[in-house]
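Okay, thanks everyone, let's get going. I'll put the structure up and then walk through the sheet and the helices.

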Amino acid sequence: MEKIKIGGYLINVDYDDKLIANHQCVGQYSSIEQKITLATGLTKQQEKETLIHEIIEAIDDIYELGLEHDEQLCKLSAIFHQIVTDNKNTISALMFCD
Ligand SMILES: [Zn+2]
């Protein structure tokens, strides 16, 4: 299981093949379980978009940002996905600049 560190919390990333059937969503963040769950069977692009969205859900929760979901959180995750996807050189430079 993958883990993501956000603000001192270790968030587990897991997959659930019944997430779409049971919850009608492709991703879920649980602050109680400190866990991000992704649906199985997504395309690589959907999986990446969903993971970024749920990471921002976690940031919003942990730092109590109070982001409005559709107007702010969804737009931020779309923007991050675009930046990460279209700027691979910059992202890898950032990863190796220390
Ligand atoms: Zn959401």
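So, which residue in strand 4 is the bridge partner of Tyr15? It's Leu38. And before I go on, keep in mind that this is a predicted model.

That bridge belongs to the pairing I'd like you to look at: strand 2, residues 9-16, runs parallel to strand 4, residues 35-39, and the two share five bridges. Zooming out, we have an open sheet of four strands, ordered 1-2-4-3, with mixed pairing. Strand 1 (2-6) and strand 3 (27-30) are at the edges with a single partner strand each, so each has one side without a neighbour in the sheet. As for twist, neighbouring strands here are turned by 25° against each other on average, ignoring direction.

Now the helices. Helix 2, residues 44-62, lies across strand 1, strand 2, strand 3 and strand 4, and it runs at about 20° to strand 3.

Helix 2 also packs against helix 3, residues 69-86, at an angle of about 130°, and the axes are 9 Å apart. With that angle, helix 2 is oblique to helix 3. The crossing of the two is right-handed.

Who's making that contact? From helix 2 you've got Lys48, Glu49, Ile52, His53, Ile56, Glu57 and Asp60. Helix 3 brings in Leu73, Leu76, Ser77, Phe80 and His81. And how do the residues of this contact divide by character? Five are nonpolar, three polar and four charged.

That's my tour, over to you.

Technical notes: Residues numbered from 1 in each chain as written. Predicted model: local features only at pLDDT ≥ 70, side-chain atom pairs only at ≥ 80, totals over all residues. Pairing = 2+ DSSP bridges. Axes fitted to C-alpha atoms, helices over the stretch in contact; angles between N-to-C directions. Contact = placed C-beta atoms within 7 Å. Parallel < 35°, antiparallel > 145°, perpendicular 65-115°, else oblique. Left-handed = near helix turned anticlockwise from the far one by under 90°. Nonpolar A, V, L, I, M, F, W, Y, C, P; charged D, E, K, R; others polar.
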